[in-house]
Amino acid sequence: MTSQILDSTSKLIAKLQTLAPEQQQQVLDFVEFLAQKYAQPQQPPQKRVLGLNQDKIWISDDFNDPLLD
């Protein structure tokens, strides 16, 4: 972590400790709300389908031959 993040974290914890337990719970609820709101949805990788694009492209017979200068 960078020193700026550590400094911000330390300030946040110090201020959080000065709050009443009910207020701390509100802060926790809000942080959980933000985490849920901005969470990236986890989508499972799509499986490949064999032959899906068969006969859609064409490659020359000399594709792998050396190029002429």
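Lys11 and Asp7 sit four residues apart in helix α1, which covers residues 3-17, so about one helical turn separates them. The model is predicted. In it, Lys11 and Asp7 form a salt bridge, with 3.6 Å between their closest N and O atoms. That distance qualifies because the rule asks for a side-chain nitrogen of Lys or Arg within 4 Å of a carboxyl oxygen of Asp or Glu. Side chains of opposite charge can pair when their charged atoms come close. How many salt bridges does the rule give? The count comes to one.

How open are the two partners? Lys11 is exposed, at 52% relative accessible area. Asp7 is partly exposed, at 41%. The cut-off explains the two labels: exposed means over 50%, so Lys11 passes and Asp7 does not.

Lys15 also belongs to helix α1. Its relative accessible area is 61%, so Lys15 counts as exposed.

**Overall form**

The chain has two helices and zero strands. Its radius of gyration is 28 Å, well over the 11 Å that the globule rule gives for 69 residues, so the chain is more spread out than a compact globule. Along the principal axes, the C-alpha atoms fill a box of roughly 75 × 35 × 10 Å.

What share of the 69 residues is buried? The figure is 0%. Buried would require under 20% relative accessible area. The accessible surface of the chain totals about 7,700 Å². Carbon and sulfur atoms account for 57% of that surface.

Charge is the next topic. The chain carries 6 positive and 9 negative side chains. The centres of these two sets lie 13 Å apart.

**Distances across the chain**

Three residue pairs give a sense of the layout. Each value in the table runs from C-alpha to C-alpha.

| Pair | Separation in sequence | C-alpha distance |
|---|---|---|
| Lys15 and Val27 | twelve residues | 11 Å |
| Pro41 and Trp58 | 17 residues | 37 Å |
| Ser60 and Ala14 | 46 residues | 68 Å |

Lys15, in helix α1, was described above. Pro41 is in the segment after α2. At 62% relative accessibility, Pro41 is exposed. Ser60 lies in the segment after α2. Ser60 has a relative accessible area of 29% and is partly exposed. That label follows because 29% falls between the 20% and 50% limits.

**Nonpolar patch**

Which residues form a nonpolar patch on the surface? They are Phe30, Phe33, Leu34 and Tyr38. Together they present about 430 Å² of accessible area. Phe33 is found in helix α2, residues 21-37. Its relative accessibility is 44%, so Phe33 counts as partly exposed. A patch member needs over 30% relative accessible area, and Phe33 clears that bar because its value is 44%.

**A backbone detail**

Asp55 lies in the segment after α2. What is notable about its phi angle? The phi of Asp55 is near 65°, a positive value in a residue other than glycine. Is Asp55 buried or exposed? Asp55 is exposed, with a relative accessible area of 73%.

**In brief**

The predicted chain has two helices and zero strands. One salt bridge is counted, and it joins Lys11 to Asp7. Buried residues make up 0% of the chain. A nonpolar patch on the surface includes Phe33, a residue of helix α2. Asp55, in the segment after α2, has a positive phi.

Notes. Residues numbered from 1 in each chain as written. Predicted model: local features only at pLDDT ≥ 70, side-chain atom pairs only at ≥ 80, totals over all residues. Heavy atoms only, no water. Buried < 20%, exposed > 50% of the residue type's maximum accessible area, 1.4 Å probe, protein only. Patch = residues over 30% accessible without salt bridge, like charges linked within 9 Å, V, L, I, M, F, W, Y side chains within 5 Å. Areas by Shrake-Rupley, 256 points an atom, 1.4 Å probe, with all protein chains shown as cover. Rg over C-alpha atoms; globule rule 2.2 N^0.38 Å. Lys, Arg positive; Asp, Glu negative; His and termini not counted. Charge placed at Lys NZ, Arg CZ, Asp CG, Glu CD.
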